[in-house]
Amino acid sequence: MVTATLTAGSVPAAPAKPVDHIEPRRIIAFLAMVFGMFMAILDIQIVSASLAEIQAGLSASSDEIPWVQTAYLIAEVVMIPLSGFLSRMLSTRVLFAVSAAGFTAASALAATATNIDQMIVYRAIQGFIGGGMIPSVFAAAFTIFPRSRRAIVSPMIGLVATLAPTIGPTVGGYISHAMSWHWLFLVNVVPGILVTAATWSLIDFDKPNLALFRKFDWWGLAGMAAFLGSLEYVLEEGPNNDWLQDQAVFICAILMTAGAVLFFWRVFTAEEPIVDLRAFSNVNFAFGSLFSFVIGIGLYGLTYLYPVFLGRIRGYDSMMIGEALFVSGLAMFFTAPISGILSRKMDPRLMMMIGFFGFAAGTLRMTYLTADWDFWELLVPQILRGSSMMLCMVPINNIALGTLPPERLKNASGLFNLTRNLGGAVGLAVINTVLIDRNAFHYARLAEHVEWGSAEAQSKLQNMTLDFQQNADLDASKAAISKLSGMVHQQAALLSFMDVFYLLTALFATLAIFTLVIRKPAEPAGAGGGH
């Protein structure tokens, strides 16, 4: 599977090419795959800053519109682990080209949606089919490139996997402002056609094994879909709906449990399980997946937190949020080549430790948050976030996938990418829960100090009433009470944000120390040639 197809007339016994030579067509095919993965990951977040415009365009309710994002995430999280089996059965070429074509068609359909129901269906199709592209790129990178080229390839896929969701809100905000929300989906059409054509004609890494279709574990697929799909829904909707007190969340929790039992039973008993969990017996892969899970918390959690702060506290619109947060993307972009160079010269454990401590330093800085924080105050935390993400991502990719045998890579790549997405889902659920609970706690505590008996509160209220009396159109007393209440709500929200950043700081600082217990990744047999 790893060896290149020999060109006509070449003599295997006397290779004229260097050991680490890669055919140009494979490099072009890989770049096309990377761009396809970029589109699929970007589309998770591209709508997040433009949901209000989509809601207005589709006449959807505020309860319905989050499903534009949720439907995509649920469908994608089912496809990512399934893609390993499909790739072995159909070949990388067929799976990737069909995924790219289906994703492109679903994107075009999403742009034509006239109501929220159509949009949810098209987004689910888009997420499910697009999810097949993401693990294929990771598997291909560690299949076709020799170890001597990993310092170039690993930062590239790490950059795309982290940059795409980070700049998604920025790109989405810009597109919906400059044109209309329809173009959030139409921008995929032309690149999608080019990626489909390139991958169909150029990928030749492996051959299909259609005999696997007779062994396809349909019960395992049903269990996995119920387990992962319901888990994603529970994590998305639970924090805002009081968890199991909500009927839909409760039903999905039951479905998730039943699906998990069926899925894990089939994994350990089926002749050809839908997902092969044996990759976790590789210690490096198990640790790499754990760190990938935490990276998902940082990646998706902070991509969510910053816009919520700027929108709720600063009153920014989607375009302003995008402009304020573009720094993280730039920091990732400029750190990617540096992390590639360091990955050849530095112990990967030390790289991860520096990255996690950098992450912790950025979130620790955010614990000094005030309502006046703007672009310049957020600059250093964002640079630390973007640079640290790349310093962590490259060694994590290499530790998790770099020492696996080729026959395990496809399944393992799906599991590895799934851990990052699940980390994001769990992280968002915890962050939302903490924000809601701590907001209520801080509001109750602050309200105790702003009661009628408080001399300071009375003085503040009197001063504000006098200010409002200058405007004859206002009821000065009511306006002052309303403003004071708003100040208390804002302060409670700020304190709850600070609590979340303290939590993230503790998490990443702990992970930085935890890197000390990992064994240094062993060199695979025959690795290291071609330096």
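## Helix 7 and residue I152

In this predicted model, I152 is part of helix 7, which covers residues 150-178. The residue is exposed, and its relative accessible area is 55%. The C-alpha atom of I152 lies 9.4 Å from that of S339, although 187 residues separate the two along the chain.

## Overall architecture

The protein chain contains 19 helices and 0 strands. Its length is 531 residues, of which 55% count as buried. Among contacts with a separation of 6 or more, 84% join residues that are 24 or more positions apart. The chain has an accessible surface of about 23000 Å², and carbon and sulfur atoms contribute 65% of that area.

## Nonpolar cores

The largest nonpolar core has 144 residues, and the members that touch the most others are F30, F356 and L401. Helix 12 (residues 283-312) supplies the largest share of this core, namely 13 residues. Beyond its neighbours within four places in sequence, F356 is in contact with F291, V294, I295, C392, I396, F508, L511, A512 and T515. Of these contact partners, C392 is buried, at 0% relative accessibility.

A second core, separate from the largest one, consists of 6 residues, including Y233, V234, V249 and C252. C252 is buried, with a relative accessible area of 17%, which is under the 20% limit for that class. The structure holds 0 disulfides.

## A nonpolar surface patch

Nonpolar residues also appear on the surface. L290, F357, I513, F514, L516 and V517 form a patch there, with a combined accessible area of about 560 Å². L516 is located in the segment after helix 19 (476-514). This residue counts as exposed because its relative accessibility is 59%, over the 50% cut-off.

## Salt bridges

The model contains 10 salt bridges. One of them joins the side chains of D204 and R25, with an N to O distance of 3.8 Å. D204 sits in the loop between helix 9 (189-202) and helix 10 (218-237), whereas R25 belongs to helix 1 (residues 24-45); the pair therefore ties together parts that are 179 residues apart in sequence. R25 is partly exposed, at 34% relative accessibility. R25, R26 and D204 are linked in a network of salt bridges.

Another salt bridge connects the side chains of E272 and R88, at 3.2 Å from N to O. Because E272 lies in the loop between helix 11 (247-269) and helix 12 while R88 is in helix 3, this pair ties together parts 184 residues apart in sequence. E272 is buried, at 18% relative accessibility. The side chains of R278 and D276 also meet in a salt bridge, with an N to O distance of 2.8 Å. D276 is likewise a buried residue, and its relative accessible area is 11%.

## Positive phi angles in two loops

Two serines deserve attention for their backbone angles. S59 has a phi value near 55 degrees, which is positive in a residue other than glycine. This serine lies in the loop between helix 2 (51-58) and helix 3 (67-90). S59 counts as exposed, with 67% relative accessibility.

S91 also has a positive phi as a residue other than glycine, with a value near 90 degrees. Its place is in the loop between helix 3 and helix 4 (92-112). S91 is buried, with a relative accessible area of 4%, whereas S59 is exposed.

How values were computed. Residues numbered from 1 in each chain as written. Predicted model: local features only at pLDDT ≥ 70, side-chain atom pairs only at ≥ 80, totals over all residues. Heavy atoms only, no water. Helix = DSSP H or I, 4+ residues; strand = E, 2+ residues; numbered from the N terminus. Buried < 20%, exposed > 50% of the residue type's maximum accessible area, 1.4 Å probe, protein only. Contact = heavy atoms within 4.5 Å. Areas by Shrake-Rupley, 256 points an atom, 1.4 Å probe, with all protein chains shown as cover. Disulfide = S-S within 2.5 Å. Core = buried A, V, L, I, M, F, W, Y, C linked by side-chain atoms within 4.5 Å. Patch = residues over 30% accessible without salt bridge, like charges linked within 9 Å, V, L, I, M, F, W, Y side chains within 5 Å. Salt bridge = Lys/Arg side-chain N within 4 Å of Asp/Glu carboxyl O.
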